[in-house]
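Welcome, and thanks for opening the viewer. Keep the selection tool ready, and we will walk through the model one stop at a time.

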Amino acid sequence: MVQGGARLLGELPVHGAKNSSLPILAASLLSGGETVLYNCPRLTDVDAAVEILQVLGCTVRREEDALVIDSSRAAHTEIPEKLMHEMRSSIVFLGAMLARLSRARLSFPGGCELGPRPIDLHIASLKRLGVQITEEYGCIDCRTEGRLQGTKITLSFPSVGATENILLASVLAQGETVIHNAAQEPEIVDLANYLTACGARIRDAGKSTLVVEGVERLHSAEYTVMPDRIAATTYLCGAAVTGGEILLTSAHSGDMESVLPVFEQAGCRLETEPGRIHLIGPRRLTAVKELRTMPYPGFPTDAQAPIMAMLARAEGTSVFVENIFESRYKHVGELCRMGADIHTEGKVAVVRGVEKLYGASVEATDLRGGAALVVAALAADGITRIGSVGHIDRGYEAIEDAFSVLGGSVRRIRE
């Protein structure tokens with residue numbers, strides 16, 4: 001329940017990145033020892049990843065903001081269908097299981113319905129490393145004979161998930177693996193940094209060509225997860241759309257270079273320094289001519305929905321072009337229920353800014369779309385009731401508390 005109209009003001013720390021925590025949790029399987037993972041956020045997707053680790057034989061306990069994972073007794077090689085369906089990124093366990101256990105059986109992953117996200121790239125890449133894969137009845141059965149073999153892999157698209165799976169599989173492979181057209185996201189760099197802390201040999205993470213020199217074994221490590229750049233973007237959207245002022249701490253502005261200029265173009269004042277982002281919103285935002293989602297370092301698809309909600313109240317017309325996922329405009333209908341003027345056709349969404357949004361009963365359709373509804377509700381007249389908030393909990397740590405700290409009237413009710 002969100003009572004709109006309050007100007008958000010204050011300071012807020014950014015929690016650890018969801019899209020970094022999940023592959024690092026999968027990678028903890030490789031050490032064969034104890035991993036202490038700091039700044040690991042309390043998210044339902046993290047809970048699902050922990051449950052997968054426990055099914056595989058790991059022990060996991062939380063100590064304040066850290067997760068302690070002992071993978072020394074991991075031995076099971078099958079992930080139950082129920083857990084695979086809880087989140088699409090569960091497929092990232094595949095590479096780690098094959099490198100550590102030489103066998104993996106799992107079903108095709110679930111998660112937010114954003115259109116086709118085929119795992120063909122994952123499967124083709126793992127086959128090149130020497131994995132034998134059988135697909136039947138919605139399941140994939142994978143096994144290896146001895147160590148995987150390093151090779152050269154060229155991805156047809158810089159897929160984050162495929163790059164992560166190749167990394168996880170190849171760090172214990174024999175010889176050198178070269179990934180061409182690798183994903184360059186900061187979360188890939190974070191995963192590589194964790195693996196390096198465990199003894200892996202990885203060069204040029206964050207560049208288009210990434211090189212892995214396989215080692216025989218990894219060891220235990222302590223590691224701190226990077227801040228969540230999409231959560232940071234969402235909090236900035238909330239402050240900007242309400243004409244507020246926010247200081248984000250534990251934030252990496254360098255990871256947000258494709259997003260922060262959007263706020264400046266919309267009329268916000270921005271100041272950045274190491275670990276801090278300060279934003280002052282204008283009385284009314286200005287439309288941004290065109291935003292095209294692209295692989296990093298382009299504008300991130302995960303930021304599209306909350307920024308669209310922010311620009312729904314801007315003066316003028318903004319145009320979005322979604323180039324990553326086919327079904328990523330599901331939040332548009334719900335924003336329109338609140339008075340937004342948005343029209344979509346294929347990949348394009350035209351947002352004509354309105355002077356006012358109005359409270360309504362709406363449903364979160366996916367993770368980022370749900371966050372967008374919270375952003376819109378903060379600026380709307382009246383009360384907005386947002387249902388299906390389980391989607392939001394997958395990627396935001398108690399979003400109602402975060403915005404309440406800034407002066408927003410946001411509370412969770414259970415029915």
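Before we start, one term will help: two residues are in contact when they have heavy atoms within 4.5 Å of each other. Please also keep in mind that this is a predicted model.

**The whole chain**

Begin with the entire protein chain in cartoon view. You should find 14 helices and 23 strands. The C-alpha trace spans about 65 × 45 × 45 Å along its principal axes. How does the radius of gyration agree with that of a compact globule? For 415 residues such a globule would have a value near 22 Å, and the protein chain has 21 Å, which agrees.

Now switch on the surface. The accessible surface of the protein chain is about 16400 Å², with 46% of it belonging to carbon and sulfur atoms. Buried residues make up 57% of the 415 residues. Among contacts with a separation of 6 or more, 72% join residues that are 24 or more positions apart. If you color by charge, there are 41 positive and 51 negative charges, and their mean positions lie 2 Å apart.

**Stop one: helix α4**

Select residues 93-101, which form helix α4. Is this helix mostly covered or mostly open? It is mostly covered, as 8 of its 9 residues are buried. The buried ones are F93, L94, G95, A96, M97, L98, A99 and L101.

What covers them? Add these elements to your selection one by one: the cover includes α1 (18-27), α2 (44-55), β6 (103-107), α5 (120-128), β8 (139-143) and α6. Before leaving, click on S102, just after α4, where phi is positive at about 65°.

**Stop two: helix α6 and T163**

One of the elements covering α4 was α6, so α6 is our next selection, at residues 160-170. In α6, 9 of the 11 residues are buried, including A162, E164, N165 and S170. At the N-terminal end, S159 acts as a cap: one of its side-chain oxygens lies 3.5 Å from the backbone nitrogen of G161.

Now zoom in on T163, which sits in this helix. T163 has a relative accessible area of 0%, so it counts as buried. Which backbone atom does its side chain reach? Show A183 as well: the side chain of T163 reaches the backbone nitrogen of A183 at 3.0 Å. Leaving aside residues up to four places away in sequence, T163 touches L155, I179, A182, A183 and I188.

**Stop three: helix α12 and A377**

Finally, select residues 367-379, helix α12. How many of its 13 residues are buried? The count is 13 of 13, so this helix is largely enclosed by the rest of the structure. At the start of α12, look for D366, whose side-chain oxygen reaches to within 3.4 Å of the backbone nitrogen of R368.

Move along α12 to A377. A377 is buried, with a relative accessibility of 0%. Not counting residues up to four places away in sequence, A377 touches V2, G4, M338, T384 and I386. For a last step, use the distance tool between the C-alpha atoms of A377 and A364: these residues are 13 apart along the chain, and the atoms are separated by 12 Å.

How values were computed. Residues numbered from 1 in each chain as written. Predicted model: local features only at pLDDT ≥ 70, side-chain atom pairs only at ≥ 80, totals over all residues. Heavy atoms only, no water. Helix = DSSP H or I, 4+ residues; strand = E, 2+ residues; numbered from the N terminus. Rg over C-alpha atoms; globule rule 2.2 N^0.38 Å. Buried < 20%, exposed > 50% of the residue type's maximum accessible area, 1.4 Å probe, protein only. Areas by Shrake-Rupley, 256 points an atom, 1.4 Å probe, with all protein chains shown as cover. Lys, Arg positive; Asp, Glu negative; His and termini not counted. Charge placed at Lys NZ, Arg CZ, Asp CG, Glu CD. Polar contact = N/O pair within 3.5 Å; in protein donor to acceptor, adjacent residues only side chain to side chain.
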